[in-house]
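Student: I am new to this structure. Please take one part of it and go through that part closely with me.

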Amino acid sequence: MQGYGCCQSVVAAFADLYGVDDQLAKRIAAGFGGGVGRMRMMCGAVSGIVTLVGLDCGQTEGADREGKSACYKVVQELLHESEAQNGSLICAELLGLNGYEKAHSSYVASPRTAEYYKKRPCAAKVESAARIFAGYLMRKGEK
């Protein structure tokens with residue numbers, strides 16, 4: 001509710017767990033807002049989950065197929081959970097935009113006003129993504 005994109009909000013909430021400071025976390029996540037550059041594709045909050053999974057368990061060696069597969073498995077599990085809770089992973093669908101509105105979406109960010117936040121489900125999607133990732137961390141810690 002301070003003007004950050006959905007991905008920025010999700011990533012910044014957990015970034016310190018991975019030694020990433022708040023400013024860098026927001027920079028890394030900045031381009032994912034509005035469904036990736038306001039193109040209304042994958043929801044920014046969901047992109048935040050993907051980014052955090054990469055920080056948590058992403059492989060760093062190109063030849064590490066096992067590590068890559070393990071990371072993909074976590075991404076798929078958490079994104080399936082998000083889709084089940086929210087009905088879609090696609091920003092345009094979550095916003096109820098039809099094809100014309102989606103196709104003609106501008107790169108210009110909308111002003112963040114009280115009216116803007118009233119019309120958008122984004123805060124709830126950010127909360128859902130944060131809860132999903134926190135649940136993953138809790139389950140992982142129990143093992």
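Tutor: Start with helix H1, residues 6–14. Seven of its nine residues are buried, so the helix is largely enclosed by the rest of the structure. Keep in mind that this is a predicted model. The buried residues of H1 are Cys-6, Cys-7, Gln-8, Val-10, Val-11, Ala-12 and Phe-14. What covers them? The cover includes helix H2 (22–29), helix H3 (44–57) and helix H8 (122–142).

Now follow Phe-14. Its relative accessibility is 10%, and buried means under 20%, so Phe-14 counts as buried. Next, the aromatic rings. The count of aromatic pairs comes to two. In one of them, Phe-14 meets Phe-133 edge-to-face. The ring centres are 5.1 Å apart, with 75° between the planes. Phe-14 belongs to helix H1 and Phe-133 to helix H8, so this pair ties together parts that lie 119 residues apart in sequence.

Phe-133 is buried too, because its relative accessibility is 0%. Phe-133 also forms an aromatic pair with Tyr-136. That pair is tilted: 5.5 Å centre to centre, 45° between the planes. Both Phe-133 and Tyr-136 sit in helix H8. They are three residues apart, about one turn of the helix. Tyr-136 has a relative accessible area of 10%, so Tyr-136 is buried as well.

Put the rings together. Phe-14, Phe-133 and Tyr-136 make up one aromatic cluster. Phe-14 is the member from helix H1, while Phe-133 and Tyr-136 come from helix H8. Helix H8 is also among the elements that cover the buried residues of H1.

Conventions:
Residues numbered from 1 in each chain as written. Predicted model: local features only at pLDDT ≥ 70, side-chain atom pairs only at ≥ 80, totals over all residues. Heavy atoms only, no water. Buried < 20%, exposed > 50% of the residue type's maximum accessible area, 1.4 Å probe, protein only. Helix = DSSP H or I, 4+ residues; strand = E, 2+ residues; numbered from the N terminus. Contact = heavy atoms within 4.5 Å. Phe/Tyr/Trp six-rings, centres within 6.5 Å; stacked < 30°, edge-to-face > 60°.
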